[in-house]
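Student: I have this structure open in front of me, and I would like to look closely at a single part of it. Could you take me through its core and the strands around that core, step by step?

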Amino acid sequence: QVQLVESGGGLVQAGGSLRLSCAASGRTFSIYAMGWFRQAPGKERQFVAAISTSGISTYYADSVKGQFTVSRDNAKNTVYLQMNSLKPEDTAVYYCAADRTPYRSSWLRSPAPGDFGSWGQGTQVTVSS
């Protein structure tokens, strides 16, 4: 099982940027697609972005397309989420997660939390207006 640790969250003004990182332990990181989710207080966990094992394929929630970019560096066992033009509604705890299924190269539908088997502890992102 992959162990995941997120970092890079914080407080930022609307319009600002943050880059989240998710460091994975274990030599099997590169065979798993990775995802980012977020959860605001009182709301369900929401899919944000996903990236395939090679990094060639990505998938975004409509709400963050053109605003967020997911990437990965398999040599560093790390996945990133670059968040630009942040808005107050982006405020949430952000989680990274590893796919349950190894070697996934694409998605036919929006990834769901149940598709992922390993989760980080989350990092808080707060966007002030």
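Tutor: Please keep in mind throughout that this is a predicted model. The largest nonpolar core has 37 residues, and those with the most contacts inside it are W36, L81, M83 and Y94. Several strands each supply at least two residues of this core, namely β3 (18-25), β4 (32-39), β5 (46-51), β7 (68-73), β8 (78-83), β9 (92-102) and β11 (123-128). As general background, nonpolar side chains in soluble globular proteins tend to be buried together.

M83 is a good place to begin. Leaving aside its neighbours within four places in sequence, M83 is in contact with G16, S17, L18, L20, Q67, F68, Y94 and V125.

Now turn to the sheet in which β8 takes part. Here 4 strands form an open sheet in the order β1-β3-β8-β7, with antiparallel pairing. Its edge strands are β1 (3-7) and β7, each of which pairs on one side only. Averaged over the sheet, neighbouring strands are turned by 15 degrees against each other, if direction is ignored. Between β3 and β8, which run antiparallel, there are 6 bridges, and R19 can be found standing opposite Q82 in β8.

The strand β11 is worth following next, since V125 was among the contacts of M83. One face of β11, made up of T123, V125 and V127, is covered, whereas the other, with Q124, T126 and S128, is uncovered. On the pairing side, β11 is joined to β9 by 3 bridges, and these two strands run antiparallel; A92 has V125 in β11 as its bridge partner. With strand β2 (residues 10-13), however, β11 pairs in the parallel sense over 4 bridges, and the bridge partner of Q13 in β11 is S128.

Finally, consider R38, which is found in strand β4. R38 counts as buried because its relative accessibility is 7%, and the cut-off for that word is under 20%. The side chain of R38 makes a polar contact with the side chain of D90, at 2.9 Å. If residues up to four places away in sequence are not counted, R38 touches E44, R45, Q46, V48, S63, V64, F68, D90, A92, V93 and Y94. In that list you will recognise Y94, which was named among the core residues with the most contacts, and A92, which was named as the bridge partner of V125.

Conventions:
Residues are numbered from 1 along each chain as its sequence is written. This is a predicted model: local features need pLDDT of at least 70, side-chain atom pairs count only at pLDDT 80 or more; totals for chains, interfaces and linings use all residues. Side-chain values use heavy atoms; hydrogens and water are left out. A nonpolar core is a set of buried Ala, Val, Leu, Ile, Met, Phe, Trp, Tyr and Cys residues joined through side-chain atoms within 4.5 Å. Buried means under 20% relative accessible area, exposed over 50%, partly exposed in between (1.4 Å probe, protein chains only). Contact means heavy atoms within 4.5 Å. Two strands pair if DSSP finds at least two bridges between them. Axes are lines fitted to C-alpha atoms, for helices over the stretch in contact, and angles run from 0 to 180 degrees between N-to-C directions. A polar contact is a pair of N or O atoms within 3.5 Å; within protein, one must be able to donate a hydrogen and the other to accept it, and residues adjacent in sequence count only if both atoms are side-chain atoms.
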